[in-house]
Amino acid sequence: MGNRFSHNATVAGANKRLAAMKKYVTDRKVTIPLAGKLLKPAQVAAIFQESIDTQAAVAEKLAAYKGAILQRDAAEKRRLAADEAMKGWVLQLFGDGSTEASEFGYAARRRPEISAEDRARAVERRRATREARGTIGKKQKLAIRGVVPPVGASEPASPLATSTPAVQSPVKT
């Protein structure tokens, strides 16, 4: 890939130079040195016009490309929805492990087999996490009540004060 140029800046610059050349240079009998060659003003103007034309062609093809990408994305979204619906239909009609379902390329979703030890370990971890974070359940939250200060008290009670002791989660040993 070569250098990348700003489309708008390139077109604006080329148009500006073309307009200035038509106004000041085109009718004169001059030559313009460019890369070791002497060019007539019409030849230099042709270089700028070529740049404008190729920029327009690129912009047109870029717009077509972006449109094609949008069409492709929409088609892919519809295909994925149809594929998911088709999978359910095929698995229901022919069965999970059937030859027909296999020929469609569908297999039943596999559920991971979790051992009893892993489940017990997960329960212990959840309980330890709740204790470490100090989180409690809905029913335990309902047992917590705030303390209303007596009328005429000079110091407000702490909003964290409770009338019931903190509830601890039961730990089975």
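A salt bridge here is a side-chain nitrogen of Lys or Arg within 4 Å of a carboxyl oxygen of Asp or Glu. Keep that cut-off in mind as we walk through this predicted model, because it decides which charged pairs count.

Let's begin with the overall layout. The protein chain has five helices and two strands, and along the sequence they follow the pattern α-β-β-α-α-α-α. Of the 173 residues in the protein chain, 10% are buried. The exposed area comes to about 15300 Å², with carbon and sulfur atoms supplying 57% of it. If you look at contacts with a separation of 6 or more, residues 24 or more positions apart account for 32% of them.

The two strands make a good first stop. Strand E1 covers 32-34 and strand E2 covers 37-39, and Ala-35 is found in the loop between them. Ala-35 has a positive phi of about 55 degrees although it is not a glycine. Its relative accessibility is 80%, so Ala-35 counts as exposed.

Next comes helix H2, which takes in residues 41-94. The end C-alpha atoms of H2 are 77 Å apart, which agrees with the 80 Å that its 54 residues should span at 1.5 Å a residue. Just after H2, Gly-95 takes a positive phi of about 100 degrees.

Which residues of H2 are buried? They are Pro-41, Val-44, Ala-45, Ile-52, Gln-55, Lys-87, Val-90 and Leu-91. The cover over these buried residues includes helix H1 (7-24), both E1 and E2, and helix H3 (99-104).

One name in that list deserves a pause: Lys-87, a residue of H2. Lys-87 is buried yet has no salt bridge. The nearest side chain of opposite charge belongs to Glu-84, and it is 5.6 Å away. A salt bridge requires the nitrogen and oxygen to be within 4 Å, so a gap of 5.6 Å between Lys-87 and Glu-84 does not qualify. What does Lys-87 contact, leaving aside its neighbours within four places in sequence? Its partners are Tyr-106, Ala-107 and Arg-109.

H2 also contributes to the surface. Met-86, Trp-89, Leu-93, Phe-94 and Phe-104 make a nonpolar surface patch of about 480 Å². The largest share of this patch, four residues, comes from H2. Met-86 is one of the patch residues and is found in H2. With a relative accessibility of 34%, Met-86 counts as partly exposed.

Now for the charged pairs that do meet the cut-off. How many salt bridges does a search of the whole structure find? The search finds three.

One of them joins the side chains of Asp-73 and Arg-72, at 2.8 Å from N to O. Asp-73 is partly exposed, with a relative accessible area of 38%, whereas Arg-72 counts as exposed at 51% relative accessibility. The cut-off explains the two labels: exposed means over 50% and buried means under 20%, with partly exposed in between.

Another salt bridge brings together the side chains of Glu-76 and Arg-79, at 2.6 Å from N to O. Why are these two residues separated by about one helical turn? The reason is that Glu-76 and Arg-79 are three residues apart in helix H2. An α-helix has 3.6 residues a turn, so residues three or four places apart point the same way. Glu-76 counts as partly exposed at 36% relative accessibility, and Arg-79 is also partly exposed, with a relative accessible area of 41%.

The remaining pair takes us to helix H4, where Asp-118 and Arg-121 are three residues apart and therefore separated by about one helical turn. Asp-118 forms a salt bridge with Arg-121, and the closest N and O atoms are 3.0 Å apart. Asp-118 is partly exposed, with a relative accessible area of 35%, and Arg-121 counts as partly exposed at 39% relative accessibility.

We can finish the tour by following H4 to its end. Helix H4 runs over residues 116-133, 18 residues in total, and reaches 26 Å from its first C-alpha to its last. That reach is close to the 26 Å expected at 1.5 Å a residue. H4 is followed by Gly-134, whose phi is positive, near 75 degrees.

Conventions:
Residues are numbered from 1 along each chain as its sequence is written. This is a predicted model: local features need pLDDT of at least 70, side-chain atom pairs count only at pLDDT 80 or more; totals for chains, interfaces and linings use all residues. Side-chain values use heavy atoms; hydrogens and water are left out. Buried means under 20% relative accessible area, exposed over 50%, partly exposed in between (1.4 Å probe, protein chains only). Lys and Arg count as positive and Asp and Glu as negative; His and the chain ends are not counted. Contact means heavy atoms within 4.5 Å. The expected span of a helix is 1.5 Å times one less than its number of residues. Patches are made of residues with over 30% relative accessible area and no salt bridge: like charges are joined within 9 Å, nonpolar side chains (Val, Leu, Ile, Met, Phe, Trp, Tyr) within 5 Å. Accessible areas come from the Shrake-Rupley method with a 1.4 Å probe; for residues, only the protein chains shown count as cover.
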